[in-house]
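Me: Please give me a close look at one part of this protein. I want the packing of its short helices and the space left between their neighbours.

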Amino acid sequence: MLKKVSPALRDGTRIEDLFNLETREVSLSTMYDPEIHQIEMEKIFTKVWLLLGHASEIPKSGDYVVRYMGQDEVIVSRDRKNEIHVSLNVCPHRGMHVCTSESGNAQVHKCIYHGWAFRPDGSFVGAPLEKEKMHGEIYPKEKLGLKKARVQLFHGLIFATWNQEAAPLEDQLGDMKFYYDIMFGKTHGGMEVLGPPQRLTIPANWKTAGEQAACDGFHTLTLHRSQFDIGNFGNISDSMDEFIPIMQGINVAQKGNALRCISAATTFTSLIGSGEDFTKLSDDERVTKLPPPGIVNAQLLAEMKERLSPEQIHVCAVAPPQVGNMFPNVNLLFIYAPLPDGTLGSGYVIHTINPMGADKFQWITWFLCEKDTPEEVKDVIRAVAVQTGGTSGLIEQDDSDTWPHMTIAAKGAWGRTETLKYQAIGGENRPEGWPDKAHVYAGLSKDDAQWHWWLQYHELMTQ
């Protein structure tokens, strides 16, 4: 029987050698190595489903946006049949980018170099001087279209993959789909973007942000301490012990996907401050008094109760999913936040972490809300999201300060010999009544869920 051989670097180091699965350690060199980066592009970013945006960004026929799949630019467009297509933004004639704008509307995309033209579905229209057949006669027009990726929508989110043999997106999400359905599928109208996304280039390896998104709750105690000091997430005294309730919750993980389901009772107490014992309320009473982020009125609450199963309602009542990821490069932030008038607001933020090299990634940030949210409330939701999770947001200013430091450390001759350690192990702990979905780690947020990200990375990189 043939034994699987792990890919190796030029110096003979196998990818397998960068991990110690028994002690839960990963070589810091993974956070900067051009060879590893190229293997990632092949083993991960050409194989898995990647998030490119939301269908509400391109509502009309001919609408398009330009995004990235790994380091490949792609055109995400809607055709006259209302279907969404993802095509490689590389002209098959001489390699020029076909679209040089970030977004727009066009029924024909024309390359500025030699004028080759393509429809929104990527098919080839023709080249100038049609009678002269400037596109040649070796290949028929049907063979000269843009390279196409497979596309799948998930509650309006646009995913694509180059892998023509990949299983459906649901397989990549696994049991975690149960929780993502709660986040993105609560209402009849679904979600929509609140304007175009923000973009920022960060001088760091994409994995520094990617693996943190998979339920690294521990850094909240120190890196985000200022958020509590200024009252952005409730009132906490100077005692570190008072942070412990904030760190309590239920982490769920599978196949590199992870979510922090934060205690509704803790949120209710810290943000609303009522003397009522939230834990003694029924599930229905809980979600009525503290609806999940984004459910801003009675209509949306009724829709949520209709669309979600009793198990999903129970999750919302006990600990709604709020922070986490989708493997490999998506960060989710569905948060509550006090508003200036003293009421409770919420913000929906999605980030993608697009690698642009071993030490650089593009950070794209979308702000979303339920489509049927009243217009005056949408402005408030966007303001909350920008303040917390936007490019200039208080949370992201903290996070983006650490990632370049980690990348620089990984370049050092001695620094790269260090290891990333995920040894704070709580073990699986499924609370009574919690659904039998994915791996569940209740209690103080430790390294268990985050380690799943590296296990999935390891599996793909050593194939």
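Reply: Below is a walk from one helix pair to its surroundings, and then along the chain.

This is a predicted model, with pLDDT of at least 70 needed for local features and 80 or more for side-chain atom pairs, while totals for chains, interfaces and linings use all residues. Residues are numbered from 1 along each chain as its sequence is written, and side-chain values use heavy atoms, leaving out hydrogens and water.

Start with α3, residues 177-184. Helices here are DSSP runs of H or I with at least four residues, strands are E runs of at least two, and both are numbered from the N terminus. Of the 8 residues in α3, 7 are buried. Buried means under 20% relative accessible area, exposed over 50%, and partly exposed in between, with a 1.4 Å probe and protein chains only. Phe-178, Tyr-179, Tyr-180, Asp-181, Ile-182, Met-183 and Phe-184 make up the buried set of α3.

Next comes α10, residues 310-318. Its buried residues are Gln-312, Ile-313, His-314, Val-315, Cys-316 and Ala-317. They pack against α3, against α7 (264-272), α8 (283-289) and α9 (298-307), and against strand β17 (321-326). Contact here means heavy atoms within 4.5 Å.

How do α3 and α10 cross? Their axes lie 10 Å apart, at an angle of about 70°. The axes are lines fitted to C-alpha atoms, for helices over the stretch in contact, with angles from 0 to 180 degrees between N-to-C directions. That makes α3 roughly perpendicular to α10. The cut-offs are under 35 degrees for roughly parallel, over 145 for roughly antiparallel and 65 to 115 for roughly perpendicular, with the rest oblique. Phe-178, Tyr-179, Asp-181 and Ile-182 supply the α3 side of the contact. Glu-311, Gln-312, Val-315 and Cys-316 supply the α10 side. By class, these residues are 5 nonpolar, 1 polar and 2 charged. Nonpolar covers Ala, Val, Leu, Ile, Met, Phe, Trp, Tyr, Cys and Pro; charged covers Asp, Glu, Lys and Arg; the others, Gly among them, count as polar.

Now the space. The model has 5 cavities of 30 Å³ or more. A cavity is a set of points on a 1 Å grid, over the protein atoms alone, where a 1.4 Å probe fits but cannot get out; lining residues have an atom within 4 Å of a point. The second largest holds about 50 Å³, a volume being the space filled by probe spheres set on the points, which are joined across faces, edges and corners. Ile-182 and Cys-316 both help line this cavity. The rest of the lining is Met-183, Lys-186, Pro-292, Pro-293, Pro-320, Pro-321 and Phe-334. The lining counts 8 nonpolar, no polar and 1 charged residues.

β17 leads onward. The loop between β17 and β18 (330-338) holds Pro-328. The peptide bond from Phe-327 to Pro-328 is cis, with omega near 5°.

Pro-328 also touches Ile-44. Where does Ile-44 sit? Its place is the loop between α1 (34-43) and β3 (50-54). Ile-44 is buried, at 0% relative accessible area. Leaving aside residues up to four places away in sequence, its other contacts are Ile-39, Tyr-457, Leu-460 and Met-461. The C-alpha of Ile-44 is 8.7 Å from that of Gly-70, 26 residues apart along the chain.

Several of these names return where α1 meets α13 (residues 448-461). The axes of α1 and α13 come within 10 Å and cross at roughly 85°. The two helices are therefore roughly perpendicular. α1 brings Ile-36, Ile-39, Glu-40 and Lys-43, and α13 brings Tyr-457, Leu-460 and Met-461. This contact has 5 nonpolar, no polar and 2 charged residues.

One more helix pair offers a contrast in angle. Helix α11 (residues 375-389) and helix α12 (residues 394-411) have axes that come within 3 Å and cross at roughly 25°. That makes α11 roughly parallel to α12. Gln-387, Thr-388 and Gly-389 of α11 meet Leu-394, Ile-395 and Glu-396 of α12. Those residues divide into 2 nonpolar, 3 polar and 1 charged.

Finally, two loop residues and their backbones. His-155 is not a glycine, yet has a positive phi of about 50°. It lies between β11 (148-154) and β12 (157-161), and is partly exposed at 29%. Cys-215, also not a glycine, has a positive phi of about 75°. Its loop runs between α4 (206-212) and α5 (225-229). Cys-215 is buried, at 2%.

Terms used:
1 Å grid on protein atoms, 1.4 Å probe; cavity = no way out; pocket = protein on both sides within 12 Å on 5 of 7 lines; lining within 4 Å.
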